[in-house]
Amino acid sequence: MMRSSGLPWKRERLTARLKGLRVVVENRKIMAGLCMLVGLILTAEIGYRLLPYDPKKMGDVPLGLPPSWEHPLGTDPMGRDLLTQLFYGTTLSISIGFTAGMIAFIIAVLIALIGGYYGGTLDSILNVVTEVFITIPSLAILILVAAVVGRVTIPLMSLILAVFSWAWPCKVMRAQILSLKERGFIKLAKLSGYRGIEIVIREIMPNMLPFLGAYFAIVVSWAMIAEAGLELIGLGPQYTITLGIMLNWAMVHAAFTRGLVNWWIPPVIVLIYVFLSLFIVSMGLDEIGNPRLKVKG
Amino acid sequence: MGNLLEVSNLGKIFSLGGLISKNSVTAVEDFSLEIPEDRQVIITLAGESGSGKSTIANLLLGFIKPTSGRILYRGKDVWKLKGAEWKRYRRELQAVFQDPYESLNPFYKMSHVMMGPIKKFKLSKSESEAYKLASEALLEVDLNPEEVFSKYPHQLSGGQRQRVMLARVFLTRPKILVADEPVSMLDVSLRADILKIIQNLEAKHDMSCLYITHDLSNAFCISNEIIILYLGSVMEQGNFGAVIKNSKHPYVKMLVSSIPIPNPRSRWEGRVKLQEVETARLETIVGCKFCNRCPEAMAVCREKRPPLLDLEENHKVACHLYA
Amino acid sequence: MGPPLLEIENLKVYYETRTVPVRAVDGVSFAVREKEILGLAGESGCGKSTLAVGLLKLVSPPSYIAGGKVFYRGKDLFAMNDEELRRIRWKHIALLPQSAMNALNPVMKVYDQIKDAMEAHDGKNPGADPKNYVLTLLKSVALSSRVSGAHACELSGGMRQRAIISMAMALKPELIVADEPTSALDVVVQRGVLELLVDLREKAGSSLLLISHDIAILSEVVDRLAIMYAGKMVEIQDVYDIFDEPLHPYTQGLISSVPSLEKGGIPRSIPGLPPDLRQPPLGCRFYPRCPNASEICRREDPEFKEVEPGKFVACHMNS
Amino acid sequence: MYALALSMAITINFVVPRLIPGNPVQTKLMQLYRLGIRLGGEEFVEKYSRLFSLDQPMHIQFINYITMLSQGNLGFSISFFPATVQGLIITRLPWTLGLLGAAVVVSFLGGLLLGAFMGWTKREGKRSRLTSIVFGASLFLSQMPYYLLGMMFVYLLTYLLPLFPYGGGVDITVSPGTIDYVVSILYHATLPALSIVLVSLGAWAVEARGLMVSVLGEDYLFLAKAKGLRERYVFRQYALKNTLLPTITDLALSLGAVTSGSIITEIVFTYPGIGSLLFNAVQSLDYPLIQGITLIIIFGVTTSALLIDLIYPFLDPRVGEK
């Protein structure tokens with residue numbers, strides 16, 4: 001029952017938020033994916049701190065050892081412990097991917113919102129630019145940029161990755177905003193005296209939250225694919241270790257054809273594991289956001 | 001007394017296509033309308049799909065900008081209104097739409113819809129007063145406020161949703177309600193209730209209404225005046241009864257005779273003729289827009305667009321037959 | 001009025017949900033006679049469209065046939081195998097689905113879509129000259145020959161609906177089931193399309209089951225009128241009789257809720273809402289909204305029966 | 001739009017190298033010096049600066065650059081001097097075109113058909129275990145980067161179980177023009193192609209399945225059934241056509257991503273296409289070559305995308321109307 005002290009719209013704001021959170025927590029896919037990711041990061045962080053070796057310093061340990069109790073994944077021919085590298089690289093790879101994904105995501109949301117909501121000539125121009133970024137093979141440009149810049153730092157790496165990963169999610173978001181914009185409740189909000197940005201925040205964004213979440217996971221995943229790809233061919237940041245750079249070292253030393261499984265298989269598995277967990281999260285969020293799959297309550 | 005709303009020679013041309021190719025469609029042409037300040041009216045704006053009736057609604061509500069003509073509210077051009085005056089126009093001209101489900105954000109409960117206008121138009125001083133206002137409005141449309149506040153759109157029936165929309169309108173005490181097909185999505189047995197609420201708002205709360213519909217039978221229940229549109233132009237307008245019972249324009253005659261009457265003893269007589277091909281593109285018609293389908297078309301009909309002629313008191317027609 | 005062409009006995013079509021099934025059509029029995037136009041009216045959710053789909057076993061999950069029989073000229077349709085049933089569809093019973101606007105295949109020409117229906121039933125060579133035959137068909141629905149080479153997107157709603165009608169008439173079926181054939185059309189076109197359907201049926205000697213939410217439309221053309229409410233058939237009578245003297249309280253309410261240009265004034269509405277078909281009321285489904293309900297209506301579901309020759313009703317107060 | 005894509009690519013190609021401070025010739029010489037190549041001193045720098053008109057203002061440089069491009073002149077490679085960039089690219093291009101073209105066509109058609117069948121099995125709510133397994137596999141594959149799959153193949157099928165050769169595009173002991181030569185080419189291309197095909201096949205299958213499922217709910221499919229058409233015919237003429245047509249525009253959009261992936265795949269397999277050439281160029285900091293390859297790749301992708309977009313209206317009758 002309603003009591004005059006508990007004003008319904010005050011509680012409404014709170015319950016809406018709590019409800020949103022509950023839907024996310026109750027979704028098994030999202031939680032499973034997130035747990036997978038958090039578990040991996042924790043393992044890598046703790047493991048790295050527990051191991052006494054330096055992932056970057058050459059000659060830190062004996063060269064080219066097979067796996068043993070002391071070095072569970074063995075060591076590489078430059079004298080670095082591979083498990084330490086794996087732990088260190090995992091954290092760094094994920095953080096580069098997340099930073100790039102975050103930047104790309106912000107670019108995508110801003111361009112989609114500006115273009116999609118305000119429309120007109122500006123939108124047409126932004127739309128063409130977006131399509132251009134989708135059509136051109138970004139890797140080619142990435143290689144060009146990375147090669148020309150020469151010394152790639154970690155923030156720079158994130159930035160270049162971001163510049164070439166925002167376009168596709170932006171296109172999809174724009175389409176979503178365009179269809180939401182035509183919905184009747186936007187008209188109604190206007191009639192209630194709301195304008196421009198208020199409408200975007202109050203009426204459009206809440207309906208896009210799960211969708212945005214899903215796309216964030218996908219963008220991070222793409223950024224990490226591109227990241228590992230660039231590093232694999234030797235265009236990553238220098239003087240550090242990421243999963244892609246581990247693979248690059250392995251490839252340069254022909255580890256695939258020499259049967260040095262302990263060197264390249266672990267980073268591959270970690271990468272696939274990360275992609276998979278991000279994908280599961282995005283599927284879960286998609287389930288919440290997609291009205292076709294929603295069961296009417 | 002002046003007119004509350006005065007629309008003169010309104011026109012809207014939509015341009016299609018992207019940056020390079022330009023294609024345009026005339027949606028509304030030379031539309032005029034007056035809503036007096038001193039008395040309340042319910043005017044029906046009727047037409048088939050593509051007649052431009054919804055475009056007119058969007059123009060009046062300020063959602064789109066007219067290509068030509070003016071909309072004066074309390075004597076001032078609405079596109080030049082600023083600050084408080086603009087807010088007043090926003091508050092005093094309200095609307096309900098065809099699909100109430102579409103008009104409700106699925107993310108929020110009903111209290112969100114009710115609180116929006118109260119907050120933005122500063123209708124109350126305190127939260128508890130706001131709650132009282134919202135409850136009153138819901139009671140006015142025969143809904144139980146405590147029950148409705150905490151419901152999501154999908155938890156209400158179509159009729160209930162449309163009532164919430166009308167309660168929201170009632171909150172702002174508008175001078176004019178634009179009702180765009182408010183009952184066409186509802187079941188027949190529930191339509192009368194919504195019509196009654198609209199009539200009640202007009203009679204008790206000094207609100208005029210522009211009732212936009214394709215369904216003349218429903219409009220006839222509550223409205224005395226009608227404007228009939230065809231492809232963006234007014235064909236005939238005036239007293240509802242006169243236009244229906246004594247139609248002048250060949251299009252209106254055809255339209256009225258095709259409206260089904262719920263009585264097997266008054267069935268359609270004869271057969272109506274259907275078009276074999278699509279009408280030519282509207283932009284290429286220089287004469288009367290109906291001339292291609294008109295059984296009584298004359299040479300002049302293809303050459304000149306007919307002006308809106310005064311036939312008798314409160315009955316106008318745009319047809320060369322009566323020139 | 002001829003003998004029964006199609007007999008439906010206690011048909012049940014349910015929708016599966018997570019909990020209990022929605023009983024969209026729950027034990028409906030009636031017959032369509034030869035050469036008649038039977039109108040079927042009811043509000044949204046009353047099961048009229050589900051009934052149309054169900055009688056040809058065209059249901060797809062989550063809906064399913066939960067019981068009953070359908071006899072076409074005495075043959076049990078539900079006892080047939082898929083191939084036999086396929087041969088009945090369109091050739092003998094043509095179902096024009098709701099939203100015919102989107103029922104044309106967007107990537108095929110109208111001509112090919114008419115022809116494939118003929119080929120599916122008459123082998124490779126339908127008639128001597130399929131091209132000419134299609135043009136005659138199109139002409140019979142007042143469409144120009146240009147339409148035969150057109151795609152759906154080039155046609156207006158009324159023209160698409162007419163193209164589908166011509167498609168239905170291609171095989172001269174004994175029964176046409178038309179579900180809301182005119183609901184999305186403008187008033188004048190609506191009349192034209194309906195008149196076409198009625199005239200063509202007359203010429204071919206077919207029966208027509210016309211389904212609509214709008215009893216005003218039905219009153220213009222049908223011979224008999226059937227009314228459904230909440231998954232049940234509540235009344236069937238001759239159309240003149242039902243308007244003169246409706247037997248079921250729901251029919252009475254429905255008729256008086258329809259506005260009329262003849263009368264004017266706001267019509268009466270029926271108070272309340274239709275029941276949730278997952279848990280319909282125990283007795284009569286109209287009982288909670290009925291003005292003259294009594295104790296028995298709450299307890300017992302009234303039987304749908306013939307109270308006078310040609311007058312069927314399901315109401316305790318009328319038996 | 002494609003014109004814009006191309007001109008943007010050209011501009012990036014022009015601008016990016018010039019963003020580095022200092023004289024590019026000087027920088028290059030320094031880089032070469034570090035690699036152990038000596039190429040003269042100050043006067044050399046000046047001479048080459050003049051040769052590449054680097055002493056001119058930017059806009060003149062740009063015009064020169066465009067003029068050179070329009071003549072098909074991409075300049076000289078540094079690491080393979082005196083080979084021209086265009087010459088190097090032309091010897092490598094057929095390998096890439098063959099590999100990528102075959103992989104794209106096979107995965108597109110195969111994936112769509114597979115996906116369409118998976119979707120079709122969902123009609124009338126049927127469930128099949130096989131379909132869910134295939135769907136799960138497609139979903140998994142579609143999320144993999146090409147190169148990871150490629151690396152697995154290299155290890156599994158050339159090292160552990162040496163069924164396929166590793167590296168190169170053809171066995172050099174076989175003489176060109178013979179059937180053995182062709183077989184050898186196909187044999188070498190199988191693994192790189194397969195790693196591209198499997199991933200994009202998965203992606204297309206997932207997409208086509210989704211489209212098919214939505215087509216299954218369309219009214220025209222219901223009418224087809226009500227018309228008593230035979231199932232196989234309905235699948236072909238009604239369901240399949242409507243499922244496949246919209247994917248063609250997606251094909252145009254996907255080319256960029258596939259090409260990006262295949263560059264790395266070539267490198268992993270040391271396949272003699274332009275991807276590997278690019279890799280070599282990057283390792284030896286051969287800027288003209290990097291630029292030339294980048295430009296060719298972008299040019300190729302945009303033109304193919306443009307072609308697809310131009311052909312599409314002829315295939316789908318709906319486009320012209322809307």
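This is a short tutorial dialogue on reading a predicted model, with chains B and C as the main examples.

Student: Let's start with the fold of chain C. How many helices and strands does chain C have?

Tutor: Counting elements is a handy way in. Chain C has ten helices and twelve strands. Its radius of gyration is 20 Å, close to the 20 Å that the globule rule gives for 319 residues, so chain C is as compact as a globular protein of that length. If you prefer a box, the C-alpha atoms of chain C fill roughly 65 × 50 × 40 Å along the principal axes.

Student: And what share of the residues in chain C is buried?

Tutor: Burial here is a neighbour count, with 20 or more other C-beta atoms within 10 Å as the cut-off. By that count, 54% of the 319 residues in chain C are buried. You can also look at sequence separation: of the contacts in chain C with a separation of 6 or more, 64% are between residues 24 or more positions apart.

Student: Which domains does the assignment give for chain C?

Tutor: A domain can be made of more than one stretch, so read the bounds with care. In chain C, domain 1 covers 4-92 + 175-318, and domain 2 covers 100-172. Their centres, taken over C-alpha atoms, are separated by 29 Å.

Student: How many residues do the two domains of chain C bring into contact?

Tutor: Domain 1 of chain C puts 14 residues in contact with 15 residues of domain 2. On the domain 1 side, helix α6 (residues 187-204) of chain C gives the most, with six residues. By class, that side of domain 1 divides into eleven nonpolar, one polar and two charged residues.

Student: Now a sheet. What is the strand order in the open sheet of four strands in chain C?

Tutor: Read a sheet by who pairs with whom, not by who comes next in sequence. Here the order is β2-β1-β4-β5 of chain C, with antiparallel pairing. The edge strands are β2 (22-33) and β5 (75-76) of chain C, each pairing on one side only. Strand β4 (residues 63-72) of chain C pairs with β5(C) over two bridges, in the antiparallel sense. For a spot to click on, C:Y72 stands opposite C:K75 in β5(C).

Student: Which helix packs on that sheet?

Tutor: That's α1 (residues 48-55) of chain C, which touches β1 (4-15), β2 and β4 of chain C. The direction of α1(C) makes about 115° with that of β1(C).

Student: Moving on to chain pairs, which two chains have the most contacts?

Tutor: When chains touch, compare contact counts pair by pair. Among the five pairs of chains that touch, chains B and C have the most contacts. In that interface, 38 residues of chain B are in contact with 40 residues of chain C. Helices α7 (188-205), α8 (216-222) and α10 (250-258) of chain B each supply at least two residues of the chain B side. The largest share of that side, nine residues, comes from α7(B). By class, the chain B side has 20 nonpolar, nine polar and nine charged residues. Chain B and chain D, on the other hand, do not touch, and their nearest C-alpha atoms are 10 Å apart.

Student: Can we zoom in on one residue? Why does C:V188 count as buried?

Tutor: C:V188 counts as buried because it has 22 C-beta neighbours inside 10 Å. This residue lies in helix α6 of chain C. Leaving aside neighbours within four places in sequence, C:V188 is in contact with B:M254, B:L255, B:S258 and B:V272.

Student: One last feature, in chain B. Which strands does β10(B) join by bridges?

Tutor: A strand can have a partner on either side, so follow the bridges one by one. Six bridges join strand β9 (residues 225-230) of chain B to β10(B), running antiparallel. Three bridges join β10(B) to strand β12 (residues 315-317) of chain B, also antiparallel. B:Q237 shows both pairings: its bridge partners are B:I227 and, in β12(B), B:K316. In the hairpin of β9(B) and β10(B), which has two residues between the strands, B:L231 takes a positive phi near 45°. Strand β10 (residues 233-239) of chain B is mostly covered, with six of its seven residues buried.

Definitions and conventions: Residues are numbered from 1 along each chain as its sequence is written. Chains are lettered from A and ligands numbered from 1 in the order in which they are written. This is a predicted model: local features need pLDDT of at least 70, side-chain atom pairs count only at pLDDT 80 or more; totals for chains, interfaces and linings use all residues. The radius of gyration is taken over C-alpha atoms; the globule rule is 2.2 Å times the number of residues to the power 0.38. A residue is buried if 20 or more other C-beta atoms lie within 10 Å of its own, exposed if 12 or fewer, and partly exposed in between; C-beta atoms are placed from the backbone. Two residues are in contact if their C-beta atoms, placed from the backbone, lie within 7 Å. Ala, Val, Leu, Ile, Met, Phe, Trp, Tyr, Cys and Pro count as nonpolar, Asp, Glu, Lys and Arg as charged, and the others, Gly among them, as polar. Axes are lines fitted to C-alpha atoms, for helices over the stretch in contact, and angles run from 0 to 180 degrees between N-to-C directions.
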